Amino acid sequence: MNKEDQIRDLIIQTSLSLFNKKGYNQTSIQDIMTATALPKGAIYRRFENKNDIAIASFTYSMKIIWDHYFEAIKSKITATDKIIAMFEVYQDAVHTPPVDGGCPLLNTAIESDDGFQELHELAANAHKETLLFLQSIIEEGIHAKEFSQHVNAYSLASFLFSTLEGAVMSSRLALNNDHMNHSIEQITYLLQQYAPKNQEV
């Protein structure tokens, strides 16, 4: 990696931490300059404006999250174990989330609006991709007869991901991981109820 790439990566990684902890609107170019110890010219030679930095930082944040998800599920066999493993990526949401400051998708979704449409669309697409990934895991479970054929895979994926994000938010607000642990406990129980033997009328 050449020096140009190293400096660009430093800007992206440092800005990601700032955006995820302080918020996009509350983070200034001066904040980025101070945190990176770079002059303004070094930043503007690589990015047109703060929006460009935010887009690059969000894209990088989602790569980190996906790397954690794939690492978490790679040794899991059942759909249930894969889903729980994805939840456990945020088991210590308060102290050691994958990205410092909490879930970047959740934080960006809350802050982004029509004033920064491109970032909003990136967050919406990341949300959709995660839902579809969860849906594919659930469909694997249906095909393997781990879950009943009557399970609506997309609906369940939507519920699971909403629960995950809500648990991250609640745990970080409470400054403890109780809400995440409760969610994992309840989701584990719920998924067991979707077994064909438990769906018989």
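Here are four short exercises, with worked solutions, on a predicted model of a protein chain.

**Exercise 1. Confidence**

Find the average pLDDT of the chain, and say which helix has the lowest mean and which the highest.

*Solution.*
Step 1: Take the whole chain. Its average pLDDT is 94. A score of at least 70 is reached by 96% of the residues.
Step 2: Go down to the elements. Helix α10, residues 196–199, has the lowest mean pLDDT, at 80. The highest mean, 98, belongs to helix α5, residues 79–88.

**Exercise 2. The largest pocket**

Describe the largest pocket by its space, its lining residues and the elements that supply them.

*Solution.*
Step 1: Start with the space. The largest pocket holds about 200 Å³.
Step 2: Look at the lining. It consists of 17 residues. Nearest the centre of the pocket lie F19, Y24, T108, E111 and L119.
Step 3: Trace the lining back to the elements. Those giving two or more residues are α1 (3–22), α4 (50–73) and α6 (104–111).
Step 4: Sort the lining by class. There are 8 nonpolar, 7 polar and 2 charged residues.

**Exercise 3. Two salt bridges and their exposure**

The whole structure has 5 salt bridges. Take K22 with D31, then K74 with E71. Classify each of these residues as buried, partly exposed or exposed.

*Solution.*
Step 1: Check the first pair. The closest N and O atoms of K22 and D31 are 2.9 Å apart.
Step 2: Classify its partners. K22 has 40% relative accessibility, so it counts as partly exposed. D31 has 23%, so D31 is also partly exposed.
Step 3: Check the second pair. K74 and E71 meet through their side chains, at 3.2 Å from N to O.
Step 4: Classify again. Exposed means over 50%. K74 has a relative accessible area of 60%, so K74 is exposed. E71 has 48%, so E71 counts as partly exposed.

**Exercise 4. A link between helices**

K82 forms a salt bridge with E140. Work out which helices this pair links, and whether each residue is buried or partly exposed.

*Solution.*
Step 1: Note the distance. The closest N and O atoms are 3.0 Å apart.
Step 2: Place the residues. K82 sits in helix α5, and E140 in helix α7, residues 117–143. The two are 58 residues apart, so the pair links distant parts of the chain.
Step 3: Apply the cut-off. Buried means under 20% relative accessible area. K82 has 14% relative accessibility, so K82 is buried. E140 has 42%, so E140 counts as partly exposed.

Methods:
Residues numbered from 1 in each chain as written. Heavy atoms only, no water. 1 Å grid on protein atoms, 1.4 Å probe; cavity = no way out; pocket = protein on both sides within 12 Å on 5 of 7 lines; lining within 4 Å. Points joined across faces, edges and corners; volume = space filled by probe spheres on them. Helix = DSSP H or I, 4+ residues; strand = E, 2+ residues; numbered from the N terminus. Nonpolar A, V, L, I, M, F, W, Y, C, P; charged D, E, K, R; others polar. pLDDT = per-residue confidence, 0-100. Salt bridge = Lys/Arg side-chain N within 4 Å of Asp/Glu carboxyl O. Buried < 20%, exposed > 50% of the residue type's maximum accessible area, 1.4 Å probe, protein only.
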